[in-house]
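User: Please take me through the nonpolar core, the largest pocket and the backbone of this structure.

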Amino acid sequence: MNSRTRNSLRGGTAIAWIFAAASLILPVSAAHAQHEGHSAPTASQQQAAAAPAEAPSVEIPQDKQQLIGVKTIAVAPRQIGKVIRTVGRVEYDERKFATVNMKYEGWIEKLYADYTGMHVKKGQPLAEIYSPELLATQQEFLNTLRWAKSSGTAKEGEVAGMLNRDADAIIDAARQRLRLWDITDEQIKSIEETGRTVRTVTLVSPADGTVVQKNAVQGMRVMPGEKLFDIADLSSVWIIADIYENELPLIKPGETAQISLSSLPGKELSAKIEFVYPTLSGEAQTAKVRLTVPNPGGRLKPQMFTNVEIKAGMGKRLAVPDDAVLDTGTRSIVYVDKGDGNFEPREVKLGLRADGYREVLSGLKNGEKVARAATFLIDSEAQLKGVR
């Protein structure tokens with residue numbers, strides 16, 4: 001190999017080293033330039049980053065809006081209410097219900113209230129009861145009276161005073177015992193005045209009303225605690241109506257209800273809700289409300305069915321029409337008019353429904369306009385353009 005060839009090889013090797021070094025330096029410089037560009041954005045990039053992203057909207061020109069019948073309405077607080085229609089049932093007024101039962105053993109010798117449905121007055125005789133136990137108590141009472149009279153004829157003195165006080169206490173205890181067995185003061189007075197026991201004791205009605213249940217039979221034996229009569233005052237009755245669970249927020253005591261019956265065609269009764277029961281029925285998941293209505297002439301009979309309409313006022317609520325809302329099953333969508341033919345789809349949370357309106361809980365502000373007609377067509381256009 002001559003000297004020229006060796007010099008040529010040395011020159012080629014040097015050139016190769018230069019290109020290799022350049023290939024290592026250039027990527028580093030480019031990466032550095034890219035890093036510098038990232039760390040120092042331009043003014044236009046800063047403005048773009050600072051501006052908020054606009055909500056997606058679908059544009060529908062005015063001529064097309066008229067063609068498909070688009071209408072808008074302003075969101076505003078509205079006085080809305082709802083008429084709840086349900087079924088009620090006539091029941092006894094529990095506050096005017098009384099029962100007659102036995103407090104001692106005996107036999108029914110005479111029955112005055114001898115049929116169900118009989119109207120009775122307070123103090124009216126219901127039955128005559130013979131009771132050996134009660135007869136013995138009366139005899140003890142009379143013996144105590146005689147002993148007290150004989151003690152009163154004794155000479156005056158400390159012993160006589162003690163006997164008189166004891167006699168009075170024993171007589172009062174005997175009277176109280178007779179009262180606890182439902183012997184009236186008039187009957188006790190009659191026993192004192194005549195000095196004779198009464199073979200049978202008269203059971204009297206504790207209140208005005210109608211005998212709605214009669215267990216007493218002529219000649220039957222009765223035992224302590226046994227019920228003989230149920231007496232209900234039907235001058236006023238309860239209407240018990242069922243309310244569905246989702247309607248309970250609208251119901252409160254004081255709301256007015258209209259009541260109609262098939263037995264009184266063309267006539268409506270008005271009443272106010274007195275009480276909302278605190279529990280739900282297990283099967284129907286309904287709550288019961290109670291109304292009290294007067295019942296002159298006994299036209300309303302227990303277990304009658306009634307139609308009940310309750311006008312529930314909700315007050316002023318921010319609301320939109322029903323036809324402005326698209327319910328997808330998982331969320332509710334309205335289209336807000338942003339002007340210049342642009343409609344923004346917006347998810348809203350809704351509350352109660354009444355009078356063709358839906359209460360808006362969140363998602364809309366007072367004064368915003370929403371589409372209330374052709375909403376489905378606007379939604380179809382939005383989906384075609386990939387807006388929603």
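Analyst: A nonpolar core is a set of buried Ala, Val, Leu, Ile, Met, Phe, Trp, Tyr and Cys residues joined through side-chain atoms within 4.5 Å; buried means under 20% relative accessible area, exposed over 50%, and partly exposed in between (1.4 Å probe, protein chains only). The model is predicted, so local features need pLDDT of at least 70 and side-chain atom pairs count only at pLDDT 80 or more, while totals for chains, interfaces and linings use all residues. Residues are numbered from 1 along each chain as its sequence is written, and side-chain values use heavy atoms, with hydrogens and water left out.

User: Which strand gives the most residues to the largest nonpolar core?

Analyst: The largest nonpolar core has 39 residues, and Ile-259, Leu-300, Ile-310, Leu-364 and Val-370 have the most contacts inside it. Strands (E, at least two residues) are DSSP runs, numbered from the N terminus. With 6 residues, the one that gives the most to this core is strand 16 (residues 305-321).

User: With which residues is Ile-310 in contact, leaving aside its neighbours within four places in sequence?

Analyst: Contact means heavy atoms within 4.5 Å. With those neighbours set aside, the partners of Ile-310 are Lys-82, Val-83, Ile-84, Ile-243, Ile-251, Glu-255, Thr-256, Ala-257 and Ile-273.

User: In the open sheet of 4 strands, which are the edge strands?

Analyst: Two strands pair if DSSP finds at least two bridges between them. The order of this sheet is 4-11-9-6, with antiparallel pairing. Strand 6 is joined to strand 9 (residues 209-214) by 2 bridges, and Val-120 has Gly-209 in strand 9 as its bridge partner. Pairing on one side only, the edge strands are strand 4 and strand 6 (119-120).

User: Which elements give two or more residues to the lining of the largest pocket?

Analyst: On a 1 Å grid over the protein atoms alone, a pocket is an open set of points where a 1.4 Å probe fits, with protein on both sides within 12 Å along at least five of seven lines; lining residues have an atom within 4 Å of a point. Residues lining the largest pocket include Thr-99, Asn-101, Lys-122, Asp-182 and Thr-202. The elements that give two or more residues to this lining are strand 4 (97-101) and strand 8 (200-204).

User: Is Asp-340 buried or exposed?

Analyst: Asp-340 is found in the loop between strand 18 (332-339) and strand 19 (342-354). Its phi is near 55°, a positive value in a residue other than glycine. Because its relative accessibility is 74%, Asp-340 counts as exposed.
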